[in-house]
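Thank you all for coming. I would like to walk you through one structure this morning, going slowly for anyone who is new to it.

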Amino acid sequence: MEYQGHALSLLKECELQGFDGVVCVGGDGSASEVAHALLLRAQKSAGMETDRILTPVRAQLPLGLIPAGSTNVLAHSLHGVPHVVTAALHIIMGHVQLVDVCTFSSTGKLLRFGFSAMFGFGGRALALAEKYRWMSPNQRRDFAVIKALAKLKPEDCEISFLPFNTSDDVQERREQGSPKSDCNDQWQMIQGQFLNVSIMAIPCLCSVAPRGFAPNTRLNNGSMALIIARNTSRSEFIKHLKRYASVKNQFNFPFVETYTVEEVKVHPRNNTSGYNPEEEDETASENGFPWNVDGDLMEVSSEVHIRLHPRLISLYGGSMEEVNDSKVTCNCF
């Protein structure tokens with residue numbers, strides 16, 4: 001892709017009849033953008049209003065991912081390894097599996113489809129990295145993380161969430177694509193000072209987190225992992241981050257809370273950035289608070305509502321023991 005939004009504009013106009021799938025060669029941002037475009041196209045084809053989507057329809061074509069970015073979280077989570085040949089073989093053999101997708105909305109309006117998001121430290125680190133795109137991807141990522149840690153301060157938030165319900169009637173309703181929220185659902189709410197909030201529908205494996213940022217969730221188990229790091233000292237927060245690369249439990253800290261959820265609402269309670277306005281804040285924006293959604297920067301000034309939609313898109317990946325001999329014709333972006 002030549003620029004951010006390029007895949008979205010191409011897939012709006014591209015004639016996809018006669019193709020069996022779409023292949024994206026790129027990193028997490030590119031893969032997420034193509035998935036978002038395919039899902040938007042499916043909603044429009046179904047005659048649905050794309051501004052406000054409660055029960056989206058499934059994407060019409062499967063998506064293949066060839067990892068070519070700096071982290072490749074989506075491809076790594078899908079295949080177990082960020083390996084180009086493995087990804088290509090899955091596409092060639094036609095292995096397909098359904099994957100859960102989230103919708104991100106604000107004030108009732110759909111912002112985008114995605115697989116994972118971070119607010120707080122994760123969002124601010126990405127906002128910093130975007131200002132240093134002249135660096136190589138790995139250099140600007142490491143530089144932004146160090147700088148975000150140096151300016152580490154919490155966000156004052158109210159977080160509401162709907163715990164994952166495994167009862168048979170809810171599972172049946174979920175499979176039918178019915179909205180999850182009803183009078184019987186019991187929302188929970190926590191508030192306070194938070195250093196980072198992660199909402200992830202996939203395990204989010206990558207080189208710096210080989211077991212995943214959300215190791216307790218799966219690609220299509222109908223739930224999201226909500227991981228909250230409350231305010232603590234910089235040294236303790238760094239210990240938590242370092243454990244993602246080790247075999248130790250990264251959540252075994254008194255300031256870290258984990259939940260298995262179906263929906264989340266994140267409402268920042270400070271009118272501006274959580275940083276002192278007298279201090280230099282390179283992540284501050286008139287557009288709102290920075291979110292990291294699948295490696296893309298999303299700035300929102302109000303509450304963000306994240307809702308899980310089970311098995312909403314098909315991705316090329318799965319057991320290499322199953323061989324599909326049918327011919328696969330794909331369009332590449």
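I will begin with how the model is to be read, then turn to the interior, and end at the surface.

This is a predicted model, in which local features need pLDDT of at least 70 and side-chain atom pairs count only at pLDDT 80 or more, while totals for chains, interfaces and linings use all residues. Residues are numbered from 1 along each chain as its sequence is written, and side-chain values use heavy atoms, with hydrogens and water left out.

Let me start inside, where buried means under 20% relative accessible area, exposed over 50%, and partly exposed in between, with a 1.4 Å probe and protein chains only. A nonpolar core here is a set of buried Ala, Val, Leu, Ile, Met, Phe, Trp, Tyr and Cys residues joined through side-chain atoms within 4.5 Å. The largest such core has 56 residues, and the members touching the most others are Leu63 and Leu65. Helix α2 (residues 28–45) contributes the most to this core, namely 7 residues; helices are DSSP runs of H or I, at least four residues long, numbered from the N terminus.

Another helix to look at is α5 (residues 121–130), which is largely enclosed by the rest of the structure, because 9 of its 10 residues are buried; among them are Phe121, Arg124 and Leu128.

What, then, is the place of Ile92? Ile92 lies in helix α4 (residues 84–93), and it counts as exposed because its relative accessibility is 59%.

Technical notes. Helix = DSSP H or I, 4+ residues; strand = E, 2+ residues; numbered from the N terminus.
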